[in-house]
Amino acid sequence: MATGPFGKGSVPCSVMEIQPQPQARRPWGDASTPYEEIGGEERVRALAEAFYDVIEDESPVLRAMLPRDTTGSRQKLFEFLSGWMGGPPLYWERRGHPRLRMRHAPFAIGAGEAMEWARCMEVAIDRLGLAGDLRSFLATELTRAALQLQNRGG
Ligand code: HEM
């Protein structure tokens with residue numbers, strides 16, 4: 001596999017519509033990838049689960065866009081984040097190119113929805129107790145990603 005933003009073997013930039021910004025140093029901490037820094041598969045799964053828990057607890061706007069049963073949504077986000085963070089590219093292997101812009105086209109995402117997504121992700125990051133560089137990196141890059149997925153004005 002080509003070299004991705006997190007080094008040899010990670011998902012290549014060319015297959016990611018959403019890319020962390022290339023960095024000379026490691027803005028997420030000491031480990032070679034954010035995936036390792038967070039603590040691997042179990043912790044990435046915990047982040048995806050916490051994110052959807054936050055939506056179910058406190059975000060009627062985002063909840064309304066989702067299916068009644070969010071099991072599949074949770075699994076897809078976990079698989080995506082695994083590869084995006086420099087771990088096993090599970091989404092790519094199992095479901096192909098994420099094509100996030102295309103897959104989000106059915107949902108009206110303006111600035112409000114994008115910032116609400118980013119806010120829920122930050123609450124999830126805090127529920128996991130992430131701190132320091134890893135917290136800043138994930139919050140910044142996932143907010144950037146959410147803003148890139150806007151497909152409506154306002
Ligand atoms: C900007 C605000 C966003 C909104 C309102 C939003 C909303 C949604 C909705 C309603 C779904 C469908 C869930 C389902 O079918 O179960 C979805 C799917 C998904 N979203 Fe988002 N999303 C946003 C941002 C993001 C971001 C920033 C990422 C990645 C970092 C992301 C990753 C995904 C993935 C991987 C899927 C599954 C795609 C599929 O296979 O169907 N989303 N999103």
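These legends accompany close-up views of a predicted model.

**Figure 1. Overall fold of the predicted protein.** The protein contains eight helices and zero strands. Along the sequence the pattern reads α-α-α-α-α-α-α-α. Of its 154 residues, 31% count as buried. Contacts often bridge distant parts of the sequence: among those between residues at least 6 apart, 68% join residues at least 24 apart.

**Figure 2. The shell around the ligand.** The ligand is surrounded by 24 residues. Met 65, Ser 73, Phe 80, Trp 117 and Ala 146 are the closest. Four helices give two or more residues each to this shell: H4 (71-84), H6 (100-104), H7 (111-127) and H8 (132-148). The top contributor is H4, with five residues. By residue class, the shell holds 17 nonpolar, three polar and four charged residues.

**Figure 3. The largest nonpolar core.** This core has 30 residues. Seven of its members touch the most others: Val 44, Ala 48, Phe 51, Leu 81, Cys 120, Met 121 and Ala 124. Helices H1 (34-38), H2 (41-58), H4, H5 (90-95), H7 and H8 each supply at least two core residues. H2 gives the most, with seven. Helices H4, H7 and H8 also appear among the elements that give two or more residues to the ligand shell.

**Figure 4. Leu 81 and its surroundings.** Leu 81 lies in helix H4. Is Leu 81 buried or exposed? Leu 81 counts as buried because 22 C-beta neighbours fall inside 10 Å, and the cut-off for a buried residue is 20 or more. Beyond its neighbours within four places in sequence, Leu 81 is in contact with Val 44, Leu 47 and Ala 48. Ala 48 is 33 residues away from Leu 81 in sequence. In space, the two C-alpha atoms are 7.9 Å apart. Leu 81, Val 44 and Ala 48 are also among the core residues that touch the most other members.

**Figure 5. Contacts of Cys 120.** Which residues does Cys 120 contact, leaving aside its neighbours within four places in sequence? The partners are Phe 51, Val 54, Ile 55, Ser 59 and Leu 62. Both Cys 120 and Phe 51 belong to the largest nonpolar core, where they are among the residues touching the most other members.

Technical notes. Residues are numbered from 1 along each chain as its sequence is written. This is a predicted model: local features need pLDDT of at least 70, side-chain atom pairs count only at pLDDT 80 or more; totals for chains, interfaces and linings use all residues. A residue is near a molecule or strand if its C-beta atom, placed from the backbone, lies within 6 Å of it. Ala, Val, Leu, Ile, Met, Phe, Trp, Tyr, Cys and Pro count as nonpolar, Asp, Glu, Lys and Arg as charged, and the others, Gly among them, as polar. A residue is buried if 20 or more other C-beta atoms lie within 10 Å of its own, exposed if 12 or fewer, and partly exposed in between; C-beta atoms are placed from the backbone. Two residues are in contact if their C-beta atoms, placed from the backbone, lie within 7 Å. A nonpolar core is a set of buried Ala, Val, Leu, Ile, Met, Phe, Trp, Tyr and Cys residues joined through C-beta atoms within 7 Å.
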